[in-house]
Amino acid sequence: MAKPVQIEVWNPNGKYRVVSTKPMPGTRWINLLIQQDCRVEICTQNKTILSVEDIIALIGDKCDGVIGQLTEDWGDALFSALSKAGGKAFSNMAVGYNNVDVNAANRYGVAVGNTPGVLTETTAELAATLSVAAARRIVEADAFMRGGLYEGWLPHLFVGNLLKRQTVGVIGAGRIGSAYARMMVEGFKMNLIYYDLYQATRLEKFVTAYGQFLKANGEQPVTWKRASSMDEVLREADVISLHPVLDKTTYHLVNKERLAVMKKEAILVNCSRGPVIDEVALVEHLKANPMFRVGLDVFEWTREGMATLAALNVLGKIKGYPIWSNPNSVEAFLDENSPPPAACPSIVNAKAIGLPVSKL
């Protein structure tokens, strides 16, 4: 058994005990829990990732719910401990939940929450930022300058890629992928090629309308194309941004073979999940292709909103609230000027454990 971990306690006399395995941004999530008579315990242990034993120690003998992180291994051991302590809910402070054994949660009747709907524009902006940074070699140039290596202008010093009129490729044209595509098409007049199992009709209409606008103003119109395969996107695009869900079909989706079909000076961006790319293969590809560039960031998000949604998932289950009917439309929960709806924002196993859907 792990040693007791350090905690910070809010509202010590609260009726319900809710544990957060990490300090989270902002205080609204804490206040919302306190207002509903929760004692909030926040782990302040100086460890990047808590072990299963650490979290079991946090749960203790009585715990109504836990807010956790994507880096934690939520399987049979933790759901068993939470269930024995009277726990009703666990929520990731993340959209993804591949760190969670949902079947184990179902066996113990524990609701599993996540935090979709809050990250669309933020993640799309981050992907766009990484695309520009990689194209213009901003990080390399900054390190070069700060390292005292700059001795004057040279014609070929950190020559980057022009994005205007190039082709942007999107793999996974859902909410985030489509928002990113719109930014790149409108911002840089890029043509679009995308791959998705479902047709992105709204995105296609946007690109068509923008192309008509450019043509009416005497400019070359932008175009769109729905690819028949992911490899078609990888072959044709100058910038490729990955936005698939992570499951067994997308693990190492971009591997040695698929990297090989890409252009030698292509830019690859991943703001979805790390395991979508085979990182060993990526390193070898970068060594062999020095002009190939990558922008990776799967950890930076709109965190205060995520903390609020994660807390409300746990609180809602404790209070017996139904499940919000549309987990991708969560503005009502994030409005600080009004009380949040009496519902759980997003419970991924609601159907499996028989939770009702809100009529709000």
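This report covers the sheet, the salt bridges, the aromatic pairs and one surface patch of a predicted model.

Residues are numbered from 1 along each chain as its sequence is written, and side-chain values use heavy atoms, with hydrogens and water left out. Because the model is predicted, local features need pLDDT of at least 70 and side-chain atom pairs count only at pLDDT 80 or more, while totals for chains, interfaces and linings use all residues.

**Sheet**

Six strands form an open sheet in the order 9-8-7-10-11-12, with parallel pairing. Helices (H or I, at least four residues) and strands (E, at least two) are DSSP runs numbered from the N terminus, and two strands pair if DSSP finds at least two bridges between them. The edge strands, each pairing on one side only, are strand 9 (224-226) and strand 12 (293-296). On average, neighbouring strands of this sheet are turned by 15 degrees against each other, direction ignored; the axes behind such angles are lines fitted to C-alpha atoms, for helices over the stretch in contact, and angles run from 0 to 180 degrees between N-to-C directions. Four bridges join strand 11 (residues 267-270) to strand 12 in the parallel sense. L268 stands opposite V294 in strand 12.

**Salt bridges**

The whole structure holds 14 salt bridges, each being a side-chain nitrogen of Lys or Arg within 4 Å of a carboxyl oxygen of Asp or Glu. Three of them are listed here, with N to O distances.

| Pair | Distance (N to O) |
|---|---|
| K47 and D54 | 2.6 Å |
| D76 and R107 | 3.1 Å |
| E284 and K287 | 3.7 Å |

D76 lies in helix 3 (residues 76-84) and R107 in helix 4 (residues 102-107), so their salt bridge ties together parts that are 31 residues apart in sequence. E284 and K287 are three residues apart in helix 11 (residues 279-288), which means a separation of about one helical turn.

Accessibility is given in three classes: buried is under 20% relative accessible area, exposed is over 50%, and partly exposed is in between (1.4 Å probe, protein chains only). D54 is buried at 6%, whereas its partner K47 is partly exposed at 34%. D76 is partly exposed at 36% and R107 is exposed at 55%. In helix 11, E284 is partly exposed at 46% and K287 is exposed at 61%. Separately, R17, R39 and E41 are joined into one network by salt bridges that share partners.

**Aromatic pairs**

There are six aromatic pairs in the structure. Rings of Phe, Tyr and Trp (its six-membered ring) pair if their centres lie within 6.5 Å; planes under 30 degrees apart count as stacked, over 60 as edge-to-face and the rest as tilted. F144 and F158 make an edge-to-face pair, at 5.0 Å centre to centre and 75 degrees between the planes. F144 lies in helix 6 and F158 in the loop between helix 6 and strand 7, so the pair ties together parts that are 14 residues apart in sequence. Both rings belong to partly exposed residues, with F144 at 21% and F158 at 23%. W74, F79 and F90 form one aromatic cluster.

**Surface patch**

M145, Y150 and W153 form a nonpolar surface patch with about 400 Å² of accessible area together. Patches are made of residues with over 30% relative accessible area and no salt bridge, with like charges joined within 9 Å and nonpolar side chains (Val, Leu, Ile, Met, Phe, Trp, Tyr) within 5 Å. Areas come from the Shrake-Rupley method with a 1.4 Å probe, and for residues only the protein chains shown count as cover. Y150 sits in the loop between helix 6 (138-146) and strand 7 (167-171) and is partly exposed at 39%.
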